[in-house]
Amino acid sequence: MASVEVNKSAPDFEFVDFKGEVFKLSNFQGKKNVLIVLNRGFV
Amino acid sequence: MMQLQHDYEEFVEKDTVIVAIGPENAEAFQSYWEEHKLSFYGLPDKKHTVLKMYGQKVNLFKLGRMPAQMLIDKEGILRYVHYGHSMKDIPENSEIFELIDTL
């Protein structure tokens, strides 16, 4: 199954989004839920 | 991903941001976003870094292009993981809304 476990801390990550802005998961902590969608491809 | 955009306003009402991650490059994201007028975040991840981080069984993903969703609450706790078994195996937004309401 997954290497991440439900009801445990999600691994933090920091990436640059396609607009060139930094997206850091932990930036949303305390403010928003985050839905991560891993799409293997658009088409 | 259009189904996510379709209910995007409700995600916003529930204090939820959406980030789509894929192996495409920034240009592909850009044109797809413009074409479908998507509002959420898009992360190009060519090296499958996030994929590997969140999915130990990379083999599972190598089999094809299976979608996966994860919901992380405001404390940074992973609350929900869904690995698709087919391209169309994506949870309904209503299922995710119900989950958010329980947080």
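Mentor: Two strands are said to pair if DSSP finds at least two bridges between them, and we shall use that idea on this predicted model.

Trainee: In β1(B), which residue is the bridge partner of A:Ile36?
Mentor: Strands of a sheet pair through backbone hydrogen bonds, either parallel or antiparallel. Here β4(A) and β1(B) pair in the parallel sense over six bridges, and in β1(B) the partner of A:Ile36 is B:Val19.

Trainee: Which strands stand at the edges of the open sheet of six strands?
Mentor: The order of the sheet is β1(A)-β4(B)-β3(B)-β4(A)-β1(B)-β2(B), with mixed pairing. Each edge strand has a single partner, so one side of it is left without a neighbour in the sheet, and these strands are β1 of chain A and β2 of chain B.

Trainee: Is B:Thr16 buried or exposed?
Mentor: B:Thr16 is found in strand β1 of chain B, where its side chain makes a polar contact with the side chain of A:Asn33 at 3.2 Å. Residues that B:Thr16 touches include A:Leu35, B:Phe11 and B:Ile100. Buried means under 20% relative accessible area, and because B:Thr16 has 3% relative accessibility, it counts as buried.

Trainee: Within what arc do the buried residues of α6(B) fall, seen down its axis?
Mentor: The buried residues of this helix are B:Asn93, B:Ile96, B:Phe97, B:Leu99 and B:Ile100. They line one face of the helix, because the arc within which they fall is 160 degrees.

Trainee: Which exposed residues does the face of α6(B) turned away from its buried side carry?
Mentor: What covers the buried residues of α6(B) includes β4 of chain A and α1 of chain B. The face turned away from that buried side carries the exposed residues B:Glu98, B:Asp101 and B:Thr102.

Methods. Residues are numbered from 1 along each chain as its sequence is written. Chains are lettered from A and ligands numbered from 1 in the order in which they are written. This is a predicted model: local features need pLDDT of at least 70, side-chain atom pairs count only at pLDDT 80 or more; totals for chains, interfaces and linings use all residues. Side-chain values use heavy atoms; hydrogens and water are left out. Buried means under 20% relative accessible area, exposed over 50%, partly exposed in between (1.4 Å probe, protein chains only). Helices (H or I, at least four residues) and strands (E, at least two) are DSSP runs, numbered from the N terminus. The arc is that of the directions from the helix axis to the C-beta atoms. Contact means heavy atoms within 4.5 Å. A polar contact is a pair of N or O atoms within 3.5 Å; within protein, one must be able to donate a hydrogen and the other to accept it, and residues adjacent in sequence count only if both atoms are side-chain atoms. Lists of a residue's contacts leave out its neighbours within four places in sequence.
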